[in-house]
Amino acid sequence: MEMLLPPVCTKLCHQKPVDLKDDNTEKHCPVTVNPWHMKKAFKVMNELRSQNLLCDVTIVAEDMEIAAHRVVLAACSPYFHAMFTGEMSESRAKRVRIKEVDGWTLRMLIDYAYTAEIQVTEENVQVLLPAAGLLQLQDVKRTCCEFLESQLHPINCLGIRAFADMHACTDLLNKANTYAEQHFSDVILSEEFLNLGVEQVCSLISSDKLTIASEEKVFEAVIAWVNHDKDVRQELMARLMEHVRLPLLSREYLVQRVEEETLVKNSSACKDYLIEAMKYHLLPTEQRALMKSTRTRMRTPVSLPKLMMVVGGQAPKAIRSVECYDFKEERWHQVAELPSRRCRAGMVYMGGLVFAVGGFNGSLRVRTVDSYDPVKDQWTSVANMQDRRSTLGAAVLNGLLYAVGGFDGSTGLSSVEAYNMKTNEWFHVAPMNTRRSSVGVGVVGGMLYAVGGYDGASRQCLSTVECYNSSTNEWTYVAEMSTRRSGAGVGVLNNLLYAVGGHDGPLVRKSVEVYDPATNTWRQVADMNMCRRNAGVCAVYGLLYVVGGDDGSCNLSTVEYYNPTTDKWTVVSSCMSTGRSYAGVTVIDKPL
């Protein structure tokens with residue numbers, strides 16, 4: 001005789017047997033869920049598909065035929081769900097042709113429906129994203145967007161922005177647009193910028209969120225864009241200049257650069273904007289606020305987090321070590337080492353990359369140049385300079401990298417060469433009036449300044465300073481410093497040029513002086529806490545940082561910064577891991 005037992009919970013449930021009529025049974029017996037069931041089932045379905053078993057539809061794209069199960073495609077893709085459950089002829093067809101997608105991409109997406117796996121690459125993302133959009137595979141589309149976001153770079157962000165707009169990827173569109181605003185100074189060097197339409201250029205340069213050191217960048221961007229197709233675009237100058245905030249530029253720049261620009265001279269509307277700017281400068285400060293115009297409004301960029309990067313140097317021999325200081329976290333960390341030992345090099349940040357230019361490898365003065373990509377944490381070689389140079393100055397002016405003076409192993413150099421990132425080529429420009437090794441350089445108001453150094457001929461350190469005008473290709477002397485300085489750190493802050501420390505013969509200095517191009521005068525400011533020569537200098541967050549160097553007897557690992565508002569120097573509590581002089585120093589955007 002068969003015994004009837006009351007139902008018993010399997011697993012998880014250890015209560016006494018309960019009567020069938022007990023309404024609380026469910027409460028006491030949690031449901032058992034097998035987390036592997038779905039995965040296993042889909043694995044089996046995929047195996048059936050690969051053996052062409054139980055398949056009830058063939059999807060055709062181009063010359064590729066893919067056998068599949070309607071129920072799987074309908075479950076994973078709203079597009080196929082609508083196709084197979086609606087009144088369309090495809091709902092009964094054995095073969096369904098998809099015209100909008102190529103065969104390989106469709107195969108990847110059908111594979112994804114069975115496996116939940118997909119590999120997004122630079123090569124396939126531009127076809128995969130629209131195809132995923134068509135089949136309404138939102139997870140794949142989102143993965144493509146995240147991949148493109150991780151690839152954002154000054155040379156491609158405008159293209160990614162246009163692609164996101166075309167395919168209604170709102171989040172990616174906003175992120176690409178923000179990236180372009182935050183990296184404007186580098187974006188304007190790209191081919192993508194030069195190929196934008198006028199509406200897109202106006203939209204970009206009218207943004208309050210542009211991150212720029214000076215409005216000069218916006219003016220130069222407009223001139224570069226127009227000159228790229230001058231015959232067609234010069235009549236658009238007035239439309240573009242409406243969005244350049246000329247009143248925010250210095251009087252010197254307005255007179256020496258804007259007023260002298262032929263494209264401005266040839267447009268009466270542009271001349272009106274220039275007159276507006278000059279009027280603004282003539283007004284007393286308290287009355288300037290009464291001039292209501294978008295062109296007098298300060299831009300208010302969202303500040304990107306910054307890192308200070310210290311590259312190579314002497315400790316006491318040439319080293320490969322590279323370390324970064326995170327201003328927010330107030331700590332140092334190591335990044336990828338240089339490919340080879342390098343000190344006494346020039347260092348700049350341009351186009352989203354760091355360039356280490358020339359220098360000394362421990363035995364030879366070199367002409368090699370390495371570039372570092374912060375996103376990839378990787379160094380690569382670019383074109384060599386034409387001359388060997390160590391203790392040179394390096395700076396960026398109008399999108400070109402200038403290598404100034406230095407020492408070739410036997411003589412001090414007056415020669416200067418420039419690097420075009422787009423063509424990967426170096427070319428000489430006018431030489432300086434004086435040979436200068438251990439020279440410091442900086443760019444203010446669209447002019448390149450070479451400060452002090454050592455000329456090798458008179459065997460004396462220099463107090464002279466000269467200035468390069470790229471539009472005339474000429475160097476001219478400006479006011480001398482109050483003291484001779486070789487190996488001075490040179491930095492630019494608030495349109496002023498700082499010469500920090502350095503030495504005159506055996507005497508290592510802690511004094512600092514600052515040059516104002518508007519008055520062509522130097523003045524003393526507060527001394528540093530330590531004597532330093534051959535230190536790195538950079539400006540960030542309204543402060544001037546001086547990094548390492550040596551005091552005449554040993555290399556320094558300390559860093560201090562100058563606050564122009566208080567005229568005080570403060571030593572940073574966190575030191576570098578290695579005391580180093582002759583290191584390259586620059587500020588970069590923290591990789592996302």
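**Group meeting: strand 5 and its surroundings**

Strand 4, residues 306-311, and strand 5 pair in the antiparallel sense over 5 bridges. Strands here are DSSP runs of E of at least two residues, helices are runs of H or I of at least four, and both are numbered from the N terminus. Two strands count as paired if DSSP finds at least two bridges between them.

Before going on, what we are looking at is a predicted model, in which local features need pLDDT of at least 70, side-chain atom pairs count only at pLDDT 80 or more, and totals for chains, interfaces and linings use all residues. Residues are numbered from 1 along each chain as its sequence is written, and side-chain values use heavy atoms, with hydrogens and water left out.

Back to strand 5. This strand covers residues 322-326, and 5 of its 5 residues are buried. Buried means under 20% relative accessible area, exposed means over 50%, and partly exposed is in between, with a 1.4 Å probe and protein chains only. Val322, Cys324 and Asp326 point one way from the strand, while Glu323 and Tyr325 point the other way.

On the other side of the pairing list is strand 6, residues 331-334, which runs antiparallel to strand 5 with 4 bridges. Which residues stand opposite Cys324? In strand 4 it is Met309, and in strand 6 it is His333. The hairpin of strand 5 and strand 6 has 4 residues between the strands, and Glu330 there takes a positive phi near 55 degrees.

Now the salt bridges. The structure holds 27 of them, a salt bridge being a side-chain nitrogen of Lys or Arg within 4 Å of a carboxyl oxygen of Asp or Glu. One of them involves strand 5: the side chains of Arg580 and Glu323 meet at 2.7 Å, N to O. That pair links distant parts of the chain, 257 residues apart, with Glu323 in strand 5 and Arg580 in the loop between strand 28 (568-571) and strand 29 (584-589). Why does Arg580 count as buried? Because its relative accessibility is 0%. Glu323 counts as buried because its value is 1%.

A second pair is Arg436 with Glu466, where the closest N and O atoms are 3.1 Å apart. Here Arg436 sits in the loop between strand 14 (425-429) and strand 15 (440-444), and Glu466 in strand 17 (residues 465-469), 30 residues apart. Both Arg436 and Glu466 are buried. Salt bridges that share partners also join Asp326, Glu329, Arg331 and Lys590 into one network.

A third pair is Glu215 with Arg299, with the closest N and O atoms 2.7 Å apart. Glu215 is in the loop between helix 12 (198-205) and helix 13 (216-228), and Arg299 is in the loop between helix 19 (285-288) and strand 4, 84 residues apart. Glu215 counts as buried because it has 5% relative accessibility, and Arg299 counts as buried because it has 10%.

On to the rings. How many aromatic pairs does the count come to? It comes to 17. The rule is that rings of Phe, Tyr and Trp (its six-membered ring) pair if their centres lie within 6.5 Å, with planes under 30 degrees apart called stacked, over 60 edge-to-face and the rest tilted. Tyr325 of strand 5 belongs to a cluster of ring pairs with Phe327, Trp332, Tyr541, Tyr545 and Tyr561.

Elsewhere, Tyr79 and Phe80 pair edge-to-face, at 5.4 Å centre to centre with 80 degrees between the planes. Phe80 and Phe84 are stacked, at 5.7 Å and 10 degrees. These two Phe residues both lie in helix 4 (residues 78-85), 4 residues apart, about one turn of the helix. Tyr79 and Phe80 are both buried, and so is Phe84.

There are also charges over rings, which requires NZ of Lys or CZ of Arg within 6 Å of the ring centre and within 35 degrees of the ring normal. Arg49 lies over the face of Tyr114, at 4.5 Å from the ring centre. The charged end of Arg233 sits over the ring of Trp225, 3.9 Å from its centre.

Last, the overall layout. The chain is divided into domain 1 (38-151), domain 2 (212-281) and domain 3 (306-589), with bounds from an automatic or database domain assignment. The C-alpha centres of domain 1 and domain 3 lie 56 Å apart.
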